[in-house]
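Trainee: Could you take a close look at one part of this model for me? I'd like to go through the salt bridges, one pair at a time.

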Amino acid sequence: MKLICLILLFTVVTINIAFADANHTDESWMLLTGYSTTHPGLGKTRERVETVDVILRYKRKLKDTGRDWYSGRHDFLIELPVYSLIKPYDGQIFGLNFLTSWTLKTSQKYMPYFFLGGGPVYTEANIPGMGANLCGNYQAGLGLSCKTRKGRSFVLEYRDRKSTRLNSSHIPLSRMPSSA
């Protein structure tokens, strides 16, 4: 019974949208906004939790990769996410994510990418199964950067996020897909 109480698996879809510098410089900042929701019945998810997301992201180019049609770049990302719970709980979840990403330069206008990583999250909200205070998260996602005419990029992401208590990090407690 304790194990069942410790495990709560959330699957969350987050749609995040951002505008960024389209010149794809070696360093950039971006502000992502979005929405997340869990999916009760998928895996061991029991609770429906909805959030509004704001994520400040710093991106640093590590190196160019490949050549020809599979050329791209490898980046390091640092994110400061704030998830505001809207249903059925009140409160916020704060985090610090360290991610790595690979962008494919398939065209001058559209550049798909994928990323993975994780970091700590903190909340005072008492979500059943997740607990409160300090937890960890790990995530993976896909994105598409679309260059606009005004020298900016429109970014759309989808990510799958899993949260876990730090003292038992091998037991997943929440799963959250998201997009930005």
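What follows is a walk through those pairs, with a short stop at a threonine.

Mentor: Sure, with the ground rules up front. This is a predicted model, so local features need pLDDT of at least 70 and side-chain atom pairs count only at pLDDT 80 or more, while totals for chains, interfaces and linings use all residues. Residues are numbered from 1 along each chain as its sequence is written, and side-chain values use heavy atoms, with hydrogens and water left out.

Side chains of opposite charge can pair when their charged atoms come close. The cut-off used here for a salt bridge is a side-chain nitrogen of Lys or Arg within 4 Å of a carboxyl oxygen of Asp or Glu. Searching the whole structure turns up 9 of them.

Start with D26 and K61, whose side chains meet at 3.8 Å, N to O. D26 sits in the loop between β1 (13-21) and β2 (27-37), K61 is in strand β3, and 35 residues separate them. Strands here are DSSP runs of E, at least two residues, numbered from the N terminus. D26 has 45% relative accessibility and K61 has 23%, so both count as partly exposed. For the cut-offs, buried means under 20% relative accessible area, exposed over 50%, and partly exposed in between, using a 1.4 Å probe and protein chains only. This pair also belongs to a network of salt bridges linking D26, K61, D64 and K105.

Next come E27 and R60, with a salt bridge at 2.3 Å, N to O. It joins strand β2, home of E27, to strand β3, home of R60, across 33 residues. Both are partly exposed: E27 at 41%, R60 at 36%.

Then look at E79 and R159, paired at 2.9 Å, N to O. Because E79 lies in strand β4 (residues 72-87) and R159 in strand β9 (residues 152-165), the pair ties together parts 80 residues apart in sequence. Here E79 is buried at 0% relative accessibility, and R159 is buried at 0% too.

Last, the threonine: T51 is in strand β3 (residues 50-65) and is buried at 2%. Its side chain makes a polar contact with the side chain of D53 at 2.7 Å; that term means a pair of N or O atoms within 3.5 Å, where within protein one must be able to donate a hydrogen and the other to accept it, and residues adjacent in sequence count only if both atoms are side-chain atoms.

Notes. Helix = DSSP H or I, 4+ residues; strand = E, 2+ residues; numbered from the N terminus.
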